[in-house]
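Hi everyone, thanks for coming. I'd like to walk you through one structure today, so please have the view open in front of you.

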Amino acid sequence: MESQTKTNAEANRNTTATDSPPPFSTLSPHDIHQMLQQFDHDQLLNLLHSAALRHADVRLAIRDLSDLDITFRRLYVRSLGGETTSETLHRVFSSFGEIEEAIVIVEKSTGKSKGFGFVTFKHMDGAYLALKNPSKRINGRMTISHLASAGVSHWDDDVSSRKIFVANIPFVIPPGKLLNHFLRYGEVEEGPLAFDRACGREKGFAFFIYKTEEGAEAAIREPLKVIDGYKMHCRLSVEYKKLNAQTQMMAPEYGGYGGGFYQGQGYTAFYVPPPMVLVPQFGDTSGGGYGGSSRGGGSSSNVDPRRAAPLPPSSSVGAPATASGSQSQGSSSHHEQQPQPKPARKRLPRGM
């Protein structure tokens, strides 16, 4: 009985040794390459993914290969404020990986920021981690970043249903406080947008892009916003564009665009350079007329009380209006001279 058992065990060992494949180490690199050629892209990707999870040397090999191409490591960052420097950009993005270069692009003539910059990571995985959440708060603004190689076409997506316009923003309200207010209604992807690169300050109006349509709808549900006692008004950006187009068509009726206020048809127009903006009326904000406007009238002022910012000296606002609605001249020396009557011509008798 015991001898029979030994015979069966020996037979099983021989069968197992005969049926088992040869060790993998006996395959040459050429053999492995030939084997991999029969797999499609997805199968190879799954194999490589599994190997990278189990072996650190595979992960390092993948990173070293990707680092050879800078397009995998270089990010474009936009919506930067004028106070954001290259050092700020380096500090914000260094939490995701080692930085090779961080630079804010500036105007050569003025040295003022153009509102965008570039961040180049030393390794591709740093850029990948940074792009997991493209929106980042920098100096009170929500900026957005993507691979620089994606180009402008990356922003061709329609955001009209998520983009709102905010009018009549006083310069005394910093971007950070404005952003905090509008974060109450939803997650902001980008904003406030409207930084003036020429003068390095805000423009008196701004745009916000929410991550969802629900956030934008919540923000405009109550159009009137009050921050630190200042009244502002918001609406969808597409609605503002339509309203502004109507305003430009109405401009001849008001004698042209020269700044200031007028009241009419339930709206109040006010000076925002550029463009002229119409917002629903917030009470008594009458002011100077527009050239030959018959709707202007009322009290005139060189200061917009809601923005607390003086109008430019070249503005026609503040000049007194005549009874006909046109503005009077500042000095009598500029009055036009009345034409003198021509002397009567003497007629000679016939025959002379």
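I'll start with the overall make-up, then go through the cores, one strand, some rings and some charged pairs.

One thing to keep in mind as we go: this is a predicted model. The protein chain has 352 residues, and 34% of them count as buried. It holds 9 helices and 15 strands. What about contacts across the sequence? If you take contacts between residues at least 6 apart in sequence, 61% of them join residues at least 24 apart.

Let's go inside. Which residues touch the most other members of the largest nonpolar core? That core has 26 residues, and the answer is I164, V166, L178, F182, F208, Y210 and M232. Several elements feed into this core, with at least two residues each: the strands β6 (163-167), β7 (188-196), β8 (201-210) and β10 (230-236), plus the helices α7 (175-182) and α8 (213-220). The largest share comes from β8, which gives 6 residues. As a general background, nonpolar side chains tend to be buried together in soluble globular proteins.

If you want one residue to click on here, try I164. Leaving out neighbours within four places in sequence, I164 is in contact with F182. Its other contacts on that list are A206, F207, F208, Y210, A216, A219, I220, R235, L236 and S237. And apart from this core lies another one, of 13 residues, including L75, V77, L89 and V119.

While you are around there, look at K163. K163 lies over the face of F207, at 4.8 Å from the ring centre.

Now please move over to β1, because L75 and V77, two members of that other core, point to one face of this strand and are buried. R74, Y76 and R78 point to the other face and are not buried. So what are the strand's partners? β1 pairs with β3 in the antiparallel sense, over 5 bridges, and L75 stands opposite V119 in β3. β1 also pairs with strand β5 (residues 141-147), again in the antiparallel sense, over 4 bridges. There, the bridge partner of Y76 is H146.

Y76 brings us to the rings. How many aromatic pairs does a search of the whole structure find? It finds 9. In one of them, Y76 and F116 sit 5.6 Å apart, centre to centre, with 40° between the planes, a tilted pair. Y76 is in strand β1 (residues 74-78) and F116 is in strand β3 (residues 113-121), so this pair ties together parts that are 40 residues apart in sequence. F116 has a second ring partner, F118: their centres are 6.2 Å apart and their planes are at 90°, so that pair is edge-to-face. Ring pairs thus link Y76, F116 and F118 into a cluster.

Are these two phenylalanines buried or partly exposed? F116 is partly exposed, with a relative accessible area of 22%. F118 comes in at 19% relative accessibility, so F118 counts as buried, the cut-off being under 20%.

Last stop: charges. The structure holds 9 salt bridges, and I've picked three. In general, side chains of opposite charge can pair when their charged atoms come close.

The first on my list is E100 with R73, whose closest N and O atoms are 3.4 Å apart. This pair links distant parts of the chain, 27 residues apart: E100 is in strand β2 (residues 99-106), and R73 is in the loop between α4 (56-67) and β1. How accessible are the two? E100 is partly exposed, with a relative accessible area of 49%, while R73, at 7%, counts as buried.

Next, E98 forms a salt bridge with K122, with the closest N and O atoms 3.6 Å apart. E98 lies in the loop between α5 (86-93) and β2, and K122 in the loop between β3 and α6 (124-130), so the pair ties together parts that are 24 residues apart in sequence. K122 counts as partly exposed, at 39% relative accessibility.

The third is R235 with E239, whose side chains meet at 3.7 Å, N to O. R235 counts as buried at 15% relative accessibility, and E239 as partly exposed at 37%. You have met R235 already, as one of the contacts of I164.

That's my tour, and I'm happy to take questions.

Definitions and conventions. Residues are numbered from 1 along each chain as its sequence is written. This is a predicted model: local features need pLDDT of at least 70, side-chain atom pairs count only at pLDDT 80 or more; totals for chains, interfaces and linings use all residues. Side-chain values use heavy atoms; hydrogens and water are left out. A nonpolar core is a set of buried Ala, Val, Leu, Ile, Met, Phe, Trp, Tyr and Cys residues joined through side-chain atoms within 4.5 Å. Buried means under 20% relative accessible area, exposed over 50%, partly exposed in between (1.4 Å probe, protein chains only). Contact means heavy atoms within 4.5 Å. Rings of Phe, Tyr and Trp (its six-membered ring) pair if their centres lie within 6.5 Å; planes under 30 degrees apart count as stacked, over 60 as edge-to-face and the rest as tilted. A charge sits over a ring if NZ of Lys or CZ of Arg is within 6 Å of the ring centre and within 35 degrees of the ring normal. A salt bridge is a side-chain nitrogen of Lys or Arg within 4 Å of a carboxyl oxygen of Asp or Glu. Two strands pair if DSSP finds at least two bridges between them.
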